[in-house]
Amino acid sequence: EAAAVAAPSQTEVAAGSAVSAVVLPERLQRREAERQQGVERQRQKKEAQVVKEEQSEFFLASFAREREAVEALLAAGTLEEAAARLQALQKLLTGSVRFLAPYEVRQGQETVARLQGDLAARRQQLQPKKKFAFRALKKEMAPGSAPRPAEPAPLAPAAPGLGLAEGESGGPPLCGFSGAQDEELELGPAELLQQDVLLSELRGCRVRLRGNPNTLRVRDCRGCTVLCGPVSTSVFVDGCSDCLLALACQQLRTHRTRDCRVYVQVTSRAVIEACSGVSFAPYSWSYPGIERDFESSGLDRNSNNWNLVDDFDWLATDKPSPNWSLIPEQERITCWD
């Protein structure tokens with residue numbers, strides 16, 4: 001009886017064998033399923049990479065073709081058509097940023113900036129020259145007469161003799177301010193419409209640009225506030241510090257800049273390089289007539305990548321760049337007057 005109790009019955013042995021037979025295939029099935037999932041992930045990754053490469057190749061071919069067309073139009077002096085094709089080229093680049101490598105984005109932005117500079121230079125070159133005319137000689141003042149009050153000097157263009165920053169053309173800018181200190185500076189819609197604007201070497205100034213420029217360059221400014229209406233193409237900020245900027249544009253590039261707050265509406269991704277302490281918030285400046293200027297600029301008000309920033313000095317993908325940040329909502333400016 002004791003032996004009978006200790007030994008398992010044939011039925012129990014058969015049942016145990018059946019359980020082992022079931023468990024073993026389940027483990028193998030799980031491993032096989034995991035292997036198949038891994039293979040499928042690799043296949044999808046390869047397909048996505050192929051699609052991305054094909055999209056990149058198509059973009060590069062289209063971009064090169066459009067660039068050559070713009071260059072030919074500029075050489076022929078067909079500036080309005082060149083400007084339209086250049087704007088289409090900018091939109092092509094903006095719409096392709098999501099699948100392009102950072103160096104491809106950078107090369108495209110530099111090409112667009114160069115063409116914008118060439119366009120501005122050609123416009124200046126082909127402007128009709130003023131006819132020469134003799135000026136009347138000033139009459140000598142009668143003894144004892146009071147001198148006439150001096151008329152205010154007209155707005156001077158920004159100094160063209162300064163060294164050019166990256167992306168700037170060799171032609172003189174059409175309007176802007178240079179070298180001012182602690183001043184209130186302003187330009188209106190008629191002065192800004194599709195013009196290339198340069199602000200350089202300003203100190204402690206407050207600048208209001210109410211209108212629709214073609215491009216804007218802000219260079220070597222300290223402690224300034226720059227409020228600008230919608231810019232049709234690109235904004236370049238270079239060598240600035242402790243500034244507050246409100247900008248709306250297709251493309252924003254910031255270089256050698258530190259401790260600046262940027263309220264931006266940008267349809268592509270903003271780019272920073274050699275920067276530190278730059279913070280971003282959505283564009284919120286407004287003025288009477290801004291909707292009309294947005295329509296003139298061609299910018300899409302519903303497209304704003306203000307919080308998507310590419311730092312060319314930060315290559316790590318698993319950690320955020322320490323060179324830029326987002327302004328907390330409770331700290332953002334809501335009243336600009």
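A salt bridge is a side-chain nitrogen of Lys or Arg within 4 Å of a carboxyl oxygen of Asp or Glu. The legends below describe close-up views of a predicted model, in which 14 salt bridges are found.

**View 1. Arg35 and Glu32, a salt bridge within helix H2.** The side chains of Arg35 and Glu32 form a salt bridge, with a distance of 2.8 Å from N to O. Both residues belong to helix H2 (residues 10–76), where, because they are three residues apart, about one helical turn separates them. Arg35 is partly exposed at a relative accessible area of 45%, and Glu32 is likewise partly exposed, with a value of 35%.

**View 2. Glu110 and Arg253, a salt bridge between distant parts of the chain.** In the salt bridge between Glu110 and Arg253, the closest N and O atoms are 3.6 Å apart. Glu110 is part of helix H4 (residues 102–126), whereas Arg253 is part of strand S9 (residues 251–255), and the two residues are 143 residues apart. Glu110 is partly exposed, its relative accessible area being 32%, while Arg253 counts as buried at 6% relative accessibility.

**View 3. Arg256 and Asp238, a salt bridge from a loop to strand S7.** The side chains of these two residues, Arg256 and Asp238, meet in a salt bridge of 3.1 Å, taken from N to O. Because Arg256 lies in the loop between S9 and strand S10 (261–266) and Asp238 lies in strand S7 (residues 234–238), the pair ties together parts that are 18 residues apart in sequence. Arg256 is partly exposed, with a relative accessible area of 44%, but Asp238 is buried, with a relative accessible area of 9%.

**View 4. A network of salt bridges.** Here Arg67, Glu68, Glu71, Arg114 and Asp118 are linked to one another through a network of salt bridges.

**View 5. Arg206, a buried residue that has no salt bridge.** Arg206 is located in strand S4 (residues 206–209). Side chains of opposite charge can pair when their charged atoms come close. For Arg206, however, the nearest side chain of opposite charge, that of Glu184, is 4.4 Å away, whereas a salt bridge requires the nitrogen and the carboxyl oxygen to be within 4 Å. A polar atom of the Arg206 side chain does lie 2.6 Å from the backbone oxygen of Trp336. When residues up to four places away in sequence are not counted, the residues that Arg206 touches are Glu183, Glu184, Leu185, Thr225, Leu227 and Trp336.

Terms used: Residues numbered from 1 in each chain as written. Predicted model: local features only at pLDDT ≥ 70, side-chain atom pairs only at ≥ 80, totals over all residues. Heavy atoms only, no water. Helix = DSSP H or I, 4+ residues; strand = E, 2+ residues; numbered from the N terminus. Buried < 20%, exposed > 50% of the residue type's maximum accessible area, 1.4 Å probe, protein only. Lys, Arg positive; Asp, Glu negative; His and termini not counted. Polar contact = N/O pair within 3.5 Å; in protein donor to acceptor, adjacent residues only side chain to side chain. Contact = heavy atoms within 4.5 Å.
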